[in-house]
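This report introduces a few local features of one protein chain to a reader who is meeting it here. Please look over the sequence and the structure before reading on.

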Amino acid sequence: MAVRVGILGATGAVGQRLIQLLEPHPDFDIAALTASDSSAGKSYREAAKWRADSPIPADIADITVGSTEPDAVPSDVDLLFSSLPSSVGAAVEPDFCEAGYVVSSNSSNARMAEDVPLVIPEVNPEHIDLLEVQRDERGWDGALVKNPNCSTITFVPTLAALAEFGLEKVHVATLQAVSGAGYDGVTSMEIIDNAIPHIGSEEEKLETESKKLLGEFDGAGLQLNDVEVAASCNRIPTIDGHLENVWLEAADELSPEDAAKALEAYPSADLPSSPDPLIHVFEDLERPQPRLDRNLGDGMAISVGGIRESTFGLQYNCLAHNTIRGAAGASVLNGELLLENGYL
């Protein structure tokens, strides 16, 4: 029988992506949608300004939107996917967990909390068991798991694939699509014929979240990885797909040929939404490109190209679809991991 799930913040861009991914999902059944108080009480069709690239599913359109509080969500919902703004998530996600709900959240709040697992299932699935520590420390019947920032999730799987060579230093420059800022995040007058060489707090997220994702969990606590990461983040006028330039220094000798083999061989997870292969390697130096390659693996794959030697060791480019792999799809994948590991 399918797991009954709800979406917190269902009317926003990531909430709409979640509906697209969850409505046909074999293991999940959408049973609750929440949004702001101004949307509560309306049908989803009335509440959501639908901007996704497919019609609102008929069985979703007539669901009545509830308010974003535990009392408004049916008690038989087993899993909540959160796409709330971080300020709202920080305020209400703990209330849902205390009320017994398991929350798979895309919101940035609490990602670096010591007892909150930050998970990419293909990279650090064992970190999900940090939930046992979380429940002991907080006394929750529910639980909170996070997926990383959309730009972090683009390059960390490539680092995991190359970790056997000894990661020492990583520099990453991102070319991030406008959808990462939300529908109202960047005006057309700002971004058309332009690039914006700063995205507030984004650099810090790449530099810290990557160390947590690559860290070691011993059953009681998490030790951050000691790789040094420096990031520069830029907004460019593409709609979807974050392209990133990576320079990597490794302890061991790492040729472009060895890197390509390791990236291609890196395994996917045995979960419905994990693509196979996880990482697609291009020989063409002009790939990957956002418009051409963001939808590989139904938008869940990472693509890599331009692998070459540089003054700083190894250099390459990587790309992922930021609202699918980097947001909604990442939360769904974590939901699948929660189900696989018996947390639902």
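## Residues with positive phi

In this predicted model, serine 201 counts as partly exposed because its relative accessibility is 40%, a value that falls between the limits of 20% for buried and 50% for exposed. The place of serine 201 is the loop that runs between helix α7 (188-191) and helix α8 (202-213), and its phi is near 65°, which is a positive value in a residue other than glycine.

Aspartate 298 likewise has a positive phi, of about 55°, although aspartate 298 is not a glycine. This aspartate is found in the loop between α10 and β13, the latter covering residues 302-310, and with a relative accessibility of 70% aspartate 298 counts as exposed.

## Cis peptide bonds before proline

Where in the chain does the cis peptide bond from aspartate 276 to proline 277 place its proline? Proline 277 lies in the loop between α9 (256-265) and β12 (279-281), and the bond that leads to it from aspartate 276 has an omega near 5°.

A cis peptide bond also joins arginine 287 to proline 288, again with omega near 5°. Here the proline, residue 288, belongs to the loop that connects β12 with α10 (290-293).

## A negative surface patch

Which residues form the negative surface patch? Its members are Glu164, Glu168, Asp226, Glu228, Asp252, Glu253, Glu257, Asp258 and Glu309.

One of these members, glutamate 164, can be followed in further detail, since it sits in the loop between α6 (152-162) and β7 (167-176). Glutamate 164 has a relative accessible area of 60% and is therefore exposed, the limit for that class being over 50%.

## A buried glutamine and its contact

Is glutamine 315 buried or exposed? Glutamine 315 counts as buried because its relative accessibility is 14%, and buried means under 20%. In the chain, glutamine 315 has its place in strand β14, which covers residues 313-320.

The side chain of glutamine 315 is joined to the side chain of tryptophan 247 by a polar contact of 3.2 Å. Taken together, glutamine 315 is thus described by its place in a strand, by its buried state and by this contact with tryptophan 247.

Technical notes:
Residues numbered from 1 in each chain as written. Predicted model: local features only at pLDDT ≥ 70, side-chain atom pairs only at ≥ 80, totals over all residues. Heavy atoms only, no water. Patch = residues over 30% accessible without salt bridge, like charges linked within 9 Å, V, L, I, M, F, W, Y side chains within 5 Å. Areas by Shrake-Rupley, 256 points an atom, 1.4 Å probe, with all protein chains shown as cover. Salt bridge = Lys/Arg side-chain N within 4 Å of Asp/Glu carboxyl O. Lys, Arg positive; Asp, Glu negative; His and termini not counted. Charge placed at Lys NZ, Arg CZ, Asp CG, Glu CD. Helix = DSSP H or I, 4+ residues; strand = E, 2+ residues; numbered from the N terminus. Buried < 20%, exposed > 50% of the residue type's maximum accessible area, 1.4 Å probe, protein only. Polar contact = N/O pair within 3.5 Å; in protein donor to acceptor, adjacent residues only side chain to side chain.
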